[in-house]
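Good morning, and thank you for coming. I would like to take you through one model this morning, beginning with a pocket and ending with the loops.

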Amino acid sequence: HLRGREVDLLQIGFGNGDCHILSALLGNAKSLPRFIRANYWHVVPPPIVHQPQMRGNLSDWYADILENVGHGCSLQAVANVLSKHYGLL
């Protein structure tokens, strides 16, 4: 339970809808993590933005997750989500 606590590191894998989840977390945060470790789909180079959409309800999404493996957010999509508050290392 992290409510009211400072977070030093947030690690998130950018598979499927995680760019949207991170964007919502950062948009509604009262305080931001000091660092974010983010994975991305290396096949899609900048400046191309690839950000998969979540489909259906969560149980439907997990039912076909094997179809989506490897289709995460591109590096540019990650950079766009983080650019307001963070730089890339």
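**The lining of a pocket**

The lining of the second largest pocket consists of ten nonpolar residues, one polar residue and two charged residues. Please keep in mind that this is a predicted model. The pocket in question has a volume of about 270 Å³. Which residues lie nearest its centre? Of the 13 that line the second largest pocket, they are I36, A38, G87, L88 and L89. Two elements, β2 and α4, each supply at least two residues of this lining. The largest share, four residues, comes from β2, a strand that spans 35–38.

**The overall fold**

Let me now step back to the protein as a whole. It has four helices and two strands, and along the sequence these follow the pattern β-α-β-α-α-α. The protein has 89 residues, and 27% of them are buried. If we take the contacts between residues at least 6 apart in sequence, 77% of those contacts join residues at least 24 apart.

**The core**

Where, then, do the nonpolar side chains gather? As background, nonpolar side chains in soluble globular proteins tend to be buried together. In this model, the largest nonpolar core has eleven residues: I12, C19, L22, L26, I36, C73, A77, V78, V81, L82 and Y86. Two elements give two or more residues to this core, namely α1, at 18–28, and α4, at 75–82. The most comes from α4, which gives four residues. I would also point out I36, which belongs to this core and is one of the residues nearest the centre of the second largest pocket.

**Two helices that meet**

Let us look at α1 in more detail. Its buried residues are D18, C19, L22 and L26. Why do they line one face of the helix? Viewed down the axis of α1, the buried residues fall within an arc of 105 degrees, and they therefore line one face. The general background is that an α-helix has 3.6 residues a turn, so residues three or four places apart point the same way. On the face of α1 turned away from the buried side, we find the exposed residues G27 and N28.

What do the buried residues of α1 pack against? Their partners are β1, at 9–12, together with β2 and α4.

Turning to α4, the buried residues there are A77, V78, A79, V81 and L82. These pack against α1 and β2. Among them, A77, V78, V81 and L82 are also members of the largest nonpolar core.

**The loop between β2 and α2**

I should now like to turn to the loop that runs between β2 and α2, the latter at 58–63. Three of its positions deserve a comment.

To begin with, N39 is located in this loop. With a relative accessibility of 40%, N39 counts as partly exposed, since that class lies between the limits of 20% and 50%. The C-alpha atom of N39 is 8.4 Å from that of C73, although the two residues are 34 apart along the chain.

The next position is V44, in the same loop between β2 and α2. Is V44 buried or exposed? Its relative accessibility is 13%, so V44 counts as buried, the limit for that class being under 20%. Apart from its neighbours within four places in sequence, V44 is in contact with H50, S74 and L75. C73 appears here as well: V44 and C73 are 29 residues apart in sequence, with 8.5 Å between their C-alpha atoms.

The last of these positions is P47, which is also found in the loop between β2 and α2. The peptide bond from P46 to P47 is cis, with omega near 10 degrees.

**The segment before β1**

I shall finish with the segment before β1, where V7 is placed. V7 has a relative accessible area of 24% and is partly exposed. How far apart in space are V7 and P33, C-alpha to C-alpha? The distance is 4.8 Å, for two residues that are 26 apart in sequence.

Thank you for your attention.

Notes: Residues numbered from 1 in each chain as written. Predicted model: local features only at pLDDT ≥ 70, side-chain atom pairs only at ≥ 80, totals over all residues. Heavy atoms only, no water. Core = buried A, V, L, I, M, F, W, Y, C linked by side-chain atoms within 4.5 Å. Buried < 20%, exposed > 50% of the residue type's maximum accessible area, 1.4 Å probe, protein only. 1 Å grid on protein atoms, 1.4 Å probe; cavity = no way out; pocket = protein on both sides within 12 Å on 5 of 7 lines; lining within 4 Å. Points joined across faces, edges and corners; volume = space filled by probe spheres on them. Nonpolar A, V, L, I, M, F, W, Y, C, P; charged D, E, K, R; others polar. Arc of directions from axis to C-beta. Contact = heavy atoms within 4.5 Å.
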